[in-house]
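Visitor: I'd like to go over this model with you before I head back to the bench. Can we put it up and start with the ligand?

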Amino acid sequence: MAHTMKMLRLGTRGSPLALTQAGLVRDALLAAHAIEVEIVPIRTTGDRVQDRALAEIGGKALWTKELDRALLAGEIDAAVHSMKDVETIRPPAIAIAATLPRADVRDRLIGAPAIEALPHGAAIGTSSPRRAAQLRRLRPDLVPVVFRGNVDTRLAKLATGEVAATLLAAAGLERLGRHDTGVPIPPEVMLPAPAQGAVGIEARADDAETATLLAAIDHPPTHACVLAERALLAALKADCHSPVAALATLANGVMTLAAELLSEDGAAHVSGEAQGQPGDLSFAGDLAADLLRRAPDAVRKLFAA
Ligand SMILES: NCc1[nH]cc(CCC(=O)O)c1CC(=O)O
């Protein structure tokens with residue numbers, strides 16, 4: 001053999017969804033380059049701790065810490081993430097090198113045909129402060145209960161009748177082949193989490209070779225929208241445990257960023273929208289400041305602490 005092909009080691013969490021997403025990244029890389037790709041599953045804190053609400057653990061970097069360590073130690077060349085689980089502030093030595101095209105951004109309700117159709121006082125399985133607050137804004141009688149585990153675990157728990165319904169991201173359900181599970185909730189009714197539906201690939205900031213390989217599979221519109229949603233989070237000093245929703249969309253080169261902040265019980269909320277150019281995300285920070293200015297106290301105290 002004259003040549004050994006370049007081998008790119010791709011770190012990922014080990015859940016079925018994470019492995020599926022890593023497979024999408026591998027397939028895209030193999031289609032773009034004559035390289036080999038090895039998928040390296042890594043167990044994260046978030047995978048180990050299944051019995052408490054993540055927000056309760058209060059831990060940071062639940063899904064990324066171990067992958068960050070492996071990346072910085074050179075055990076892997078890149079890490080695949082659901083971007084909505086990635087901390088707002090990343091280590092300076094790690095860069096978001098690419099994002100795949102975004103999937104369906106909506107949440108799906110599973111267990112009832114519509115939020116209005118849920119029985120009075122129904123228990124809804126979710127550990128997402130955003131989903132719990134949005135549900136209670138629409139239906140203050142509903143009772144969110146802690147619901148953890150990967151997508152299959154949650155669907156199995158729902159089947160036991162422990163809760164009347166649950167909400168899951170359409171993106172994850174689609175990627176797992178569950179095309180008929182649940183009904184999509186329009187973003188006008190329930191704005192999704194920042195970066196929902198976007199798969200990102202991170203690499204070491206000083207690794208130019210990997211950056212070049214990943215640039216070939218980047219989807220710039222998705223990348224720009226994810227950066228805008230993350231810029232809003234940064235300006236709010238929020239993270240994936242904050243009751244905040246945000247969605248950026250691009251049309252004719254103009255980006256529109258919609259956002260909503262809620263109190264934990266959804267009784268207080270504020271929402272707004274801003275437009276700008278994808279090359280200058282200052283409008284995201286301006287929107288954050290405007291929302292905080294207009295927010296009721298019960299909302300403001302959760303942000304920009
Ligand atoms: N927090 C868990 C998580 N992280 C990413 C997804 C789904 C895929 C995505 O939104 O990109 C999910 C499950 C869910 O919210 O239903």
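Visitor: How do the residues of the shell around the ligand divide into nonpolar, polar and charged?
Guide: This is a predicted model, and in it the shell has 3 nonpolar, 4 polar and 2 charged residues.

Visitor: Which residues surround the ligand?
Guide: Ser 82, Lys 84 and Asp 85 are there, along with Leu 168, Ala 169, Ala 171 and Gly 172, and then Gln 196 and Gly 197.

Visitor: And which helix and strand each supply at least two residues of that shell?
Guide: Strand E8 (165-169) and helix H7 (170-175) do.

Visitor: Where does the ligand lie with respect to the domains?
Guide: It lies between domain 1 (7-100 + 198-218) and domain 2 (107-185), because both of them give residues to its shell.

Visitor: How far apart are the centres of domain 1 and domain 2?
Guide: Going by C-alpha centres, 27 Å. The assignment also gives a domain 3, covering 234-300.

Visitor: OK, new topic. What does UniProt say about Cys 240?
Guide: An unreviewed UniProt entry annotates Cys 240 as "modified residue: S-(dipyrrolylmethanemethyl)cysteine".

Visitor: Where is the place of Cys 240 in the chain?
Guide: In the loop between helix H9 (220-236) and strand E11 (244-251).

Visitor: Is Cys 240 buried or exposed?
Guide: Buried, because 23 other C-beta atoms sit within 10 Å and 20 or more is enough to count.

Visitor: What is Cys 240 in contact with, leaving aside its neighbours in sequence?
Guide: Beyond four places in sequence, Cys 240 contacts Lys 84, Asp 85 and Ala 193. Lys 84 and Asp 85 also turn up among the residues surrounding the ligand.

Visitor: Which residues does UniProt list for the C-terminal domain?
Guide: The unreviewed entry lists 224-277 under "domain: Porphobilinogen deaminase C-terminal". That stretch is 24% helix and 46% strand, with its end C-alpha atoms 10 Å apart.

Visitor: Back to E8 for a second. What about Leu 167, buried or exposed?
Guide: Leu 167, which is found in strand E8, counts as buried because it has 26 C-beta neighbours inside 10 Å.

Visitor: What does Leu 167 touch?
Guide: Setting aside residues up to four places away in sequence, Leu 167 touches Asp 107, Arg 108, Leu 109, Thr 126 and Arg 131.

Visitor: How far is Leu 167 from Glu 229 in space?
Guide: It's 21 Å from C-alpha to C-alpha, and the two are 62 residues apart in sequence.

Visitor: Let's do backbone oddities. What is the phi of Ala 195?
Guide: About 70°, so to speak a positive phi in a residue that is not a glycine. Ala 195 lies in the loop between strand E9 (183-185) and strand E10 (199-204), and it is buried because 29 other C-beta atoms are within 10 Å.

Visitor: And what about phi of Asn 252?
Guide: Asn 252 has a positive phi too, near 50°, and it isn't glycine either. Its place is in the loop between E11 and strand E12 (254-262).

Visitor: Buried or exposed, that Asn 252?
Guide: Exposed, because Asn 252 has 4 other C-beta atoms within 10 Å and the cut-off for exposed is 12 or fewer.

Visitor: Last one: what confidence values come with the model?
Guide: The mean pLDDT of the protein chain is 94, and 95% of its residues reach 70 or more. For the complex, the predictor gives an ipTM of 0.97 and a pTM of 0.94.

Key:
Residues are numbered from 1 along each chain as its sequence is written. This is a predicted model: local features need pLDDT of at least 70, side-chain atom pairs count only at pLDDT 80 or more; totals for chains, interfaces and linings use all residues. A residue is near a molecule or strand if its C-beta atom, placed from the backbone, lies within 6 Å of it. Helices (H or I, at least four residues) and strands (E, at least two) are DSSP runs, numbered from the N terminus. Ala, Val, Leu, Ile, Met, Phe, Trp, Tyr, Cys and Pro count as nonpolar, Asp, Glu, Lys and Arg as charged, and the others, Gly among them, as polar. Domain bounds come from an automatic or database domain assignment. pLDDT is the predictor's confidence in each residue, from 0 to 100. UniProt positions are given in the numbering used here, feature names are shortened, and annotations may be inferred rather than shown by experiment. Two residues are in contact if their C-beta atoms, placed from the backbone, lie within 7 Å.
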